[in-house]
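This report concerns a protein chain and its ligand. Please consult the sequence and the structure shown here while reading.

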Amino acid sequence: MSAQIISGKEVAAEIRAALREEVTQLKEQGIHPGLAVILIGDDPASHSYVKGKEKACQEIGIYSEVIRREASITQEELLKMIEGYNKNPNIHGILVQLPLPKHISEKAVIDAISPEKDVDGFTPVNVGNMLIGDECYLPCTPHGIIELIKRSGREMEGKHAVVIGRSNIVGKPVAMLLLQENATVTIAHSRTQDLASITRQADILVVAVGRAELIRAEHVKPGAVVIDVGVNRNEVGKLVGDVHFESVKDVASFLTPVPGGVGPMTITMLMKNTVDAAKKLARTMQKQ
Ligand code: NAD
(Lines give C-alpha, C1' and ligand atoms only; values in the text may rest on other atoms or scores of the structure.)
Protein backbone atom coordinates (compact mmCIF):
# COMPACT_ATOMS: atom_id res chain seq x y z
CA MET A 1 0.00 0.00 0.00
CA SER A 2 1.20 3.52 -0.68
CA ALA A 3 -0.36 6.25 1.41
CA GLN A 4 -2.23 9.15 -0.09
CA ILE A 5 -0.27 12.24 0.85
CA ILE A 6 -2.41 14.93 2.49
CA SER A 7 -1.07 18.24 1.24
CA GLY A 8 -1.52 20.81 3.98
CA LYS A 9 -0.17 23.35 1.52
CA GLU A 10 -3.03 22.76 -0.92
CA VAL A 11 -5.76 22.63 1.74
CA ALA A 12 -4.36 25.78 3.34
CA ALA A 13 -4.33 27.55 -0.04
CA GLU A 14 -8.05 26.74 -0.51
CA ILE A 15 -8.95 28.08 2.92
CA ARG A 16 -6.81 31.20 2.41
CA ALA A 17 -8.49 31.94 -0.92
CA ALA A 18 -11.90 31.80 0.81
CA LEU A 19 -10.61 34.01 3.63
CA ARG A 20 -9.25 36.54 1.11
CA GLU A 21 -12.72 36.87 -0.41
CA GLU A 22 -14.31 37.19 3.01
CA VAL A 23 -11.86 39.92 4.02
CA THR A 24 -12.59 41.84 0.80
CA GLN A 25 -16.30 41.77 1.66
CA LEU A 26 -15.67 42.75 5.29
CA LYS A 27 -13.59 45.75 4.17
CA GLU A 28 -16.52 46.92 2.03
CA GLN A 29 -18.53 46.97 5.27
CA GLY A 30 -15.78 48.97 6.99
CA ILE A 31 -14.38 46.00 8.94
CA HIS A 32 -10.60 45.62 8.55
CA PRO A 33 -9.22 42.61 10.48
CA GLY A 34 -5.90 43.36 12.23
CA LEU A 35 -3.28 41.14 13.88
CA ALA A 36 -0.42 42.15 16.20
CA VAL A 37 2.49 39.71 16.35
CA ILE A 38 5.02 40.26 19.13
CA LEU A 39 8.43 38.69 18.71
CA ILE A 40 10.99 38.81 21.51
CA GLY A 41 14.65 37.89 21.02
CA ASP A 42 16.50 36.46 18.04
CA ASP A 43 15.53 32.79 17.84
CA PRO A 44 15.88 32.01 14.09
CA ALA A 45 12.94 29.56 14.03
CA SER A 46 10.67 32.15 15.68
CA HIS A 47 11.76 34.82 13.16
CA SER A 48 10.94 32.47 10.31
CA TYR A 49 7.48 31.57 11.79
CA VAL A 50 6.70 35.28 12.22
CA LYS A 51 7.71 36.01 8.61
CA GLY A 52 5.30 33.27 7.51
CA LYS A 53 2.50 34.87 9.52
CA GLU A 54 3.26 38.34 8.09
CA LYS A 55 3.19 36.94 4.55
CA ALA A 56 -0.12 35.15 5.14
CA CYS A 57 -1.65 38.41 6.44
CA GLN A 58 -0.52 40.23 3.29
CA GLU A 59 -1.89 37.47 1.09
CA ILE A 60 -5.33 37.56 2.74
CA GLY A 61 -5.54 41.31 3.24
CA ILE A 62 -5.29 41.32 7.03
CA TYR A 63 -3.62 44.40 8.53
CA SER A 64 -0.59 43.27 10.54
CA GLU A 65 1.79 44.87 12.98
CA VAL A 66 4.94 42.94 13.81
CA ILE A 67 6.69 44.19 16.93
CA ARG A 68 10.26 42.96 17.29
CA ARG A 69 12.02 43.56 20.63
CA GLU A 70 15.37 42.57 22.12
CA ALA A 71 15.47 39.63 24.55
CA SER A 72 16.41 42.17 27.26
CA ILE A 73 12.86 43.58 27.40
CA THR A 74 11.39 43.34 30.90
CA GLN A 75 8.23 41.40 31.65
CA GLU A 76 6.58 44.62 32.79
CA GLU A 77 7.31 46.33 29.46
CA LEU A 78 5.94 43.37 27.54
CA LEU A 79 2.76 43.23 29.64
CA LYS A 80 2.25 46.97 29.10
CA MET A 81 2.61 46.48 25.34
CA ILE A 82 -0.01 43.70 25.39
CA GLU A 83 -2.33 45.92 27.42
CA GLY A 84 -2.00 48.60 24.73
CA TYR A 85 -3.00 46.13 22.00
CA ASN A 86 -5.89 44.83 24.13
CA LYS A 87 -7.30 48.38 23.91
CA ASN A 88 -6.30 49.09 20.29
CA PRO A 89 -9.47 49.08 18.11
CA ASN A 90 -7.49 48.36 14.90
CA ILE A 91 -6.17 45.09 16.32
CA HIS A 92 -8.45 42.06 16.65
CA GLY A 93 -5.87 39.39 17.34
CA ILE A 94 -2.71 39.38 19.49
CA LEU A 95 -0.05 36.73 19.22
CA VAL A 96 3.11 36.53 21.29
CA GLN A 97 5.57 34.21 19.56
CA LEU A 98 6.83 31.51 21.96
CA PRO A 99 9.28 30.61 23.41
CA LEU A 100 10.05 33.69 25.49
CA PRO A 101 13.36 34.54 27.22
CA LYS A 102 13.77 32.75 30.57
CA HIS A 103 13.19 35.88 32.70
CA ILE A 104 9.67 36.33 31.32
CA SER A 105 6.80 34.19 32.59
CA GLU A 106 4.93 32.60 29.68
CA LYS A 107 1.88 32.20 31.89
CA ALA A 108 1.83 35.89 32.89
CA VAL A 109 2.09 36.90 29.22
CA ILE A 110 -0.66 34.55 28.02
CA ASP A 111 -2.91 35.61 30.92
CA ALA A 112 -2.42 39.26 29.93
CA ILE A 113 -3.94 38.76 26.45
CA SER A 114 -7.62 39.58 26.34
CA PRO A 115 -9.53 36.32 25.61
CA GLU A 116 -11.44 38.20 22.85
CA LYS A 117 -8.11 38.83 21.06
CA ASP A 118 -6.48 35.51 21.91
CA VAL A 119 -6.35 34.17 18.34
CA ASP A 120 -3.80 31.51 19.36
CA GLY A 121 -6.42 30.02 21.70
CA PHE A 122 -3.93 29.75 24.58
CA THR A 123 -5.63 31.72 27.40
CA PRO A 124 -7.32 29.72 30.17
CA VAL A 125 -10.73 31.16 29.12
CA ASN A 126 -10.39 29.81 25.57
CA VAL A 127 -8.90 26.50 26.72
CA GLY A 128 -11.77 26.06 29.22
CA ASN A 129 -14.40 26.88 26.59
CA MET A 130 -12.79 24.44 24.18
CA LEU A 131 -12.92 21.73 26.86
CA ILE A 132 -16.65 22.17 27.42
CA GLY A 133 -17.33 22.59 23.70
CA ASP A 134 -18.39 26.24 23.99
CA GLU A 135 -17.65 29.09 21.58
CA CYS A 136 -13.94 29.90 21.61
CA TYR A 137 -10.83 30.45 19.50
CA LEU A 138 -9.46 26.98 18.87
CA PRO A 139 -5.66 26.61 19.12
CA CYS A 140 -4.30 26.81 15.58
CA THR A 141 -2.24 23.63 15.19
CA PRO A 142 -4.87 21.27 16.68
CA HIS A 143 -7.62 23.01 14.68
CA GLY A 144 -5.54 22.68 11.50
CA ILE A 145 -5.03 18.96 12.16
CA ILE A 146 -8.77 18.31 12.56
CA GLU A 147 -9.47 20.32 9.39
CA LEU A 148 -6.90 18.25 7.47
CA ILE A 149 -8.45 14.95 8.60
CA LYS A 150 -11.94 16.21 7.72
CA ARG A 151 -10.90 17.39 4.28
CA SER A 152 -9.12 14.10 3.57
CA GLY A 153 -12.60 12.59 3.83
CA ARG A 154 -11.69 10.23 6.69
CA GLU A 155 -14.23 9.54 9.42
CA MET A 156 -13.21 10.27 13.00
CA GLU A 157 -16.38 9.08 14.70
CA GLY A 158 -15.92 5.75 16.46
CA LYS A 159 -12.29 5.47 15.37
CA HIS A 160 -9.41 4.87 17.75
CA ALA A 161 -7.21 7.98 17.70
CA VAL A 162 -3.82 7.86 19.40
CA VAL A 163 -2.07 11.17 20.09
CA ILE A 164 1.62 11.03 21.00
CA GLY A 165 2.54 14.11 23.06
CA ARG A 166 0.70 15.94 25.82
CA SER A 167 1.79 19.55 25.46
CA ASN A 168 -0.69 22.35 26.13
CA ILE A 169 -0.34 23.68 22.59
CA VAL A 170 -0.64 20.47 20.57
CA GLY A 171 -1.10 17.10 22.31
CA LYS A 172 -3.78 17.88 24.92
CA PRO A 173 -5.98 20.13 22.75
CA VAL A 174 -5.84 17.89 19.68
CA ALA A 175 -6.89 14.94 21.88
CA MET A 176 -9.83 17.02 23.13
CA LEU A 177 -10.89 18.00 19.61
CA LEU A 178 -10.68 14.38 18.42
CA LEU A 179 -12.93 13.46 21.36
CA GLN A 180 -15.40 16.13 20.24
CA GLU A 181 -15.39 14.44 16.83
CA ASN A 182 -16.47 11.25 18.65
CA ALA A 183 -13.18 9.39 18.28
CA THR A 184 -12.00 7.11 21.10
CA VAL A 185 -8.82 8.81 22.23
CA THR A 186 -5.61 7.56 23.83
CA ILE A 187 -2.81 9.97 24.78
CA ALA A 188 0.73 8.57 24.82
CA HIS A 189 3.73 10.49 26.16
CA SER A 190 7.33 10.25 27.33
CA ARG A 191 6.47 7.88 30.20
CA THR A 192 4.29 5.58 28.10
CA GLN A 193 5.48 1.98 28.14
CA ASP A 194 5.65 -0.07 24.96
CA LEU A 195 4.64 2.81 22.69
CA ALA A 196 4.45 0.63 19.56
CA SER A 197 1.82 -1.68 21.08
CA ILE A 198 -0.40 1.38 21.60
CA THR A 199 0.27 3.20 18.33
CA ARG A 200 -0.36 -0.02 16.36
CA GLN A 201 -3.99 0.14 17.58
CA ALA A 202 -4.53 3.59 16.08
CA ASP A 203 -6.86 4.22 13.15
CA ILE A 204 -5.72 7.83 13.43
CA LEU A 205 -2.22 8.54 14.72
CA VAL A 206 -1.22 12.12 15.57
CA VAL A 207 2.47 12.50 16.39
CA ALA A 208 3.57 15.65 18.25
CA VAL A 209 6.81 14.79 20.02
CA GLY A 210 9.70 16.73 18.50
CA ARG A 211 12.01 13.74 17.81
CA ALA A 212 13.21 13.25 14.26
CA GLU A 213 11.67 10.17 12.60
CA LEU A 214 10.73 8.48 15.90
CA ILE A 215 7.70 6.73 14.40
CA ARG A 216 8.48 4.03 11.88
CA ALA A 217 6.50 1.44 9.93
CA GLU A 218 6.45 -0.98 12.87
CA HIS A 219 4.53 1.61 14.97
CA VAL A 220 1.71 1.98 12.45
CA LYS A 221 -1.44 -0.08 11.85
CA PRO A 222 -1.93 -0.85 8.13
CA GLY A 223 -4.36 1.67 6.64
CA ALA A 224 -4.02 4.24 9.47
CA VAL A 225 -4.28 8.01 8.97
CA VAL A 226 -0.97 9.45 10.18
CA ILE A 227 -0.59 13.15 11.00
CA ASP A 228 2.99 14.28 11.56
CA VAL A 229 3.21 17.48 13.61
CA GLY A 230 6.93 17.39 14.40
CA VAL A 231 9.43 19.81 12.91
CA ASN A 232 13.03 18.67 13.38
CA ARG A 233 16.41 18.74 11.70
CA ASN A 234 17.94 15.32 11.14
CA GLU A 235 21.67 14.55 11.44
CA VAL A 236 22.40 16.03 7.99
CA GLY A 237 20.39 19.18 8.70
CA LYS A 238 17.34 18.24 6.61
CA LEU A 239 13.89 19.32 7.83
CA VAL A 240 12.02 16.17 8.89
CA GLY A 241 8.97 15.27 10.95
CA ASP A 242 8.49 12.89 13.87
CA VAL A 243 7.46 10.20 11.39
CA HIS A 244 9.85 8.27 9.17
CA PHE A 245 8.09 9.21 5.93
CA GLU A 246 9.70 6.66 3.62
CA SER A 247 8.77 3.57 5.65
CA VAL A 248 5.40 4.79 7.00
CA LYS A 249 4.07 5.77 3.56
CA ASP A 250 3.99 2.06 2.65
CA VAL A 251 1.78 1.20 5.65
CA ALA A 252 -0.52 4.19 6.25
CA SER A 253 -3.49 5.07 4.03
CA PHE A 254 -3.08 8.83 4.56
CA LEU A 255 0.06 10.67 5.62
CA THR A 256 1.01 14.34 6.03
CA PRO A 257 4.46 15.40 4.78
CA VAL A 258 6.98 17.63 6.57
CA PRO A 259 7.30 20.33 5.37
CA GLY A 260 3.98 21.10 3.66
CA GLY A 261 1.63 19.25 6.02
CA VAL A 262 0.47 20.60 9.36
CA GLY A 263 2.67 23.75 9.26
CA PRO A 264 0.75 25.70 6.57
CA MET A 265 -2.53 24.77 8.30
CA THR A 266 -1.38 26.28 11.60
CA ILE A 267 -0.83 29.72 10.07
CA THR A 268 -4.07 29.48 8.10
CA MET A 269 -6.11 28.77 11.23
CA LEU A 270 -4.49 31.80 12.84
CA MET A 271 -5.73 33.89 9.92
CA LYS A 272 -9.21 32.39 10.28
CA ASN A 273 -9.31 33.18 14.01
CA THR A 274 -8.25 36.79 13.30
CA VAL A 275 -11.02 37.24 10.72
CA ASP A 276 -13.52 35.68 13.15
CA ALA A 277 -12.35 38.01 15.92
CA ALA A 278 -12.93 41.06 13.70
CA LYS A 279 -16.42 39.82 12.79
CA LYS A 280 -17.24 39.18 16.44
CA LEU A 281 -16.16 42.67 17.47
CA ALA A 282 -18.24 44.20 14.67
CA ARG A 283 -21.31 42.25 15.87
CA THR A 284 -20.74 43.41 19.45
CA MET A 285 -20.45 47.05 18.31
CA GLN A 286 -23.68 46.75 16.30
CA LYS A 287 -25.54 45.53 19.39
CA GLN A 288 -24.34 48.50 21.48
P1 NAD B 1 6.70 19.60 23.66
O2 NAD B 1 8.18 19.40 23.79
O3 NAD B 1 6.02 20.61 24.47
O4 NAD B 1 5.98 18.20 23.93
C5 NAD B 1 6.48 16.99 23.44
C6 NAD B 1 5.66 15.83 23.97
O7 NAD B 1 6.21 14.63 23.50
C8 NAD B 1 5.65 15.76 25.49
O9 NAD B 1 4.31 15.74 25.93
C10 NAD B 1 6.33 14.42 25.81
O11 NAD B 1 5.68 13.73 26.87
C12 NAD B 1 6.23 13.67 24.53
N13 NAD B 1 7.40 12.79 24.30
C14 NAD B 1 8.71 13.14 24.37
N15 NAD B 1 9.48 12.07 24.08
C16 NAD B 1 8.65 11.05 23.82
C17 NAD B 1 8.85 9.69 23.48
N18 NAD B 1 10.07 9.18 23.31
N19 NAD B 1 7.76 8.91 23.30
C20 NAD B 1 6.51 9.41 23.45
N21 NAD B 1 6.26 10.69 23.77
C22 NAD B 1 7.32 11.49 23.97
O23 NAD B 1 6.46 19.81 22.10
P24 NAD B 1 5.21 20.48 21.31
O25 NAD B 1 5.25 21.94 21.50
O26 NAD B 1 3.97 19.72 21.58
O27 NAD B 1 5.69 20.19 19.82
C28 NAD B 1 5.90 18.87 19.35
C29 NAD B 1 6.49 18.94 17.96
O30 NAD B 1 5.58 19.57 17.08
C31 NAD B 1 7.79 19.76 17.84
O32 NAD B 1 8.61 19.18 16.87
C33 NAD B 1 7.31 21.12 17.36
O34 NAD B 1 8.30 21.82 16.65
C35 NAD B 1 6.17 20.70 16.46
N36 NAD B 1 5.14 21.73 16.27
C37 NAD B 1 4.78 21.97 15.00
C38 NAD B 1 3.77 22.89 14.75
C39 NAD B 1 3.37 23.13 13.33
O40 NAD B 1 2.63 24.05 13.08
N41 NAD B 1 3.79 22.31 12.39
C42 NAD B 1 3.16 23.59 15.78
C43 NAD B 1 3.55 23.28 17.09
C44 NAD B 1 4.54 22.35 17.32
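The sections below cover the ligand site, the domains and the ring contacts.

## Basis of the report

The model is predicted, and the values that follow are computed from it.

## Ligand shell

The shell around the ligand holds 20 residues, of which Arg166, Ser167, Ser190, Val231 and Thr266 come nearest. Sorted by class, this shell consists of 10 polar, 8 nonpolar and 2 charged residues. The largest contribution to the shell is made by helix α10, spanning residues 262-287, with 3 residues.

## Polar contacts and coverage

Which ligand atom pairs with a polar side-chain atom of Thr266, and at what distance? The partner is an oxygen atom of the ligand, at 2.7 Å. Backbone atoms also take part: a polar backbone atom of Ser190 is 3.0 Å from a ligand oxygen atom, and a backbone N or O atom of His189 lies 3.5 Å from a ligand nitrogen atom. On its own the ligand has 860 Å² of accessible area, and the protein covers 72% of that area.

## Domain arrangement

The domain assignment divides the chain into domain 1, residues 30-113, and domain 2, residues 140-263. Between the C-alpha centres of domain 1 and domain 2 the distance is 29 Å.

## Aromatic rings

A pair of aromatic rings is described by the distance of the centres and the angle of the planes. The count of aromatic pairs in this model is 0, with the ring centres required to lie within 6.5 Å. A charge over a ring does occur: Lys280 lies over the face of Tyr137, 4.4 Å from the ring centre.

Conventions: Residues numbered from 1 in each chain as written. Predicted model: local features only at pLDDT ≥ 70, side-chain atom pairs only at ≥ 80, totals over all residues. Heavy atoms only, no water. Near = heavy atom within 4 Å. Polar contact = N/O pair within 3.5 Å; in protein donor to acceptor, adjacent residues only side chain to side chain. Areas by Shrake-Rupley, 256 points an atom, 1.4 Å probe, with all protein chains shown as cover. Helix = DSSP H or I, 4+ residues; strand = E, 2+ residues; numbered from the N terminus. Nonpolar A, V, L, I, M, F, W, Y, C, P; charged D, E, K, R; others polar. Domains from an automatic or database assignment. Phe/Tyr/Trp six-rings, centres within 6.5 Å; stacked < 30°, edge-to-face > 60°. Lys NZ or Arg CZ within 6 Å of the ring centre and 35° of its normal.
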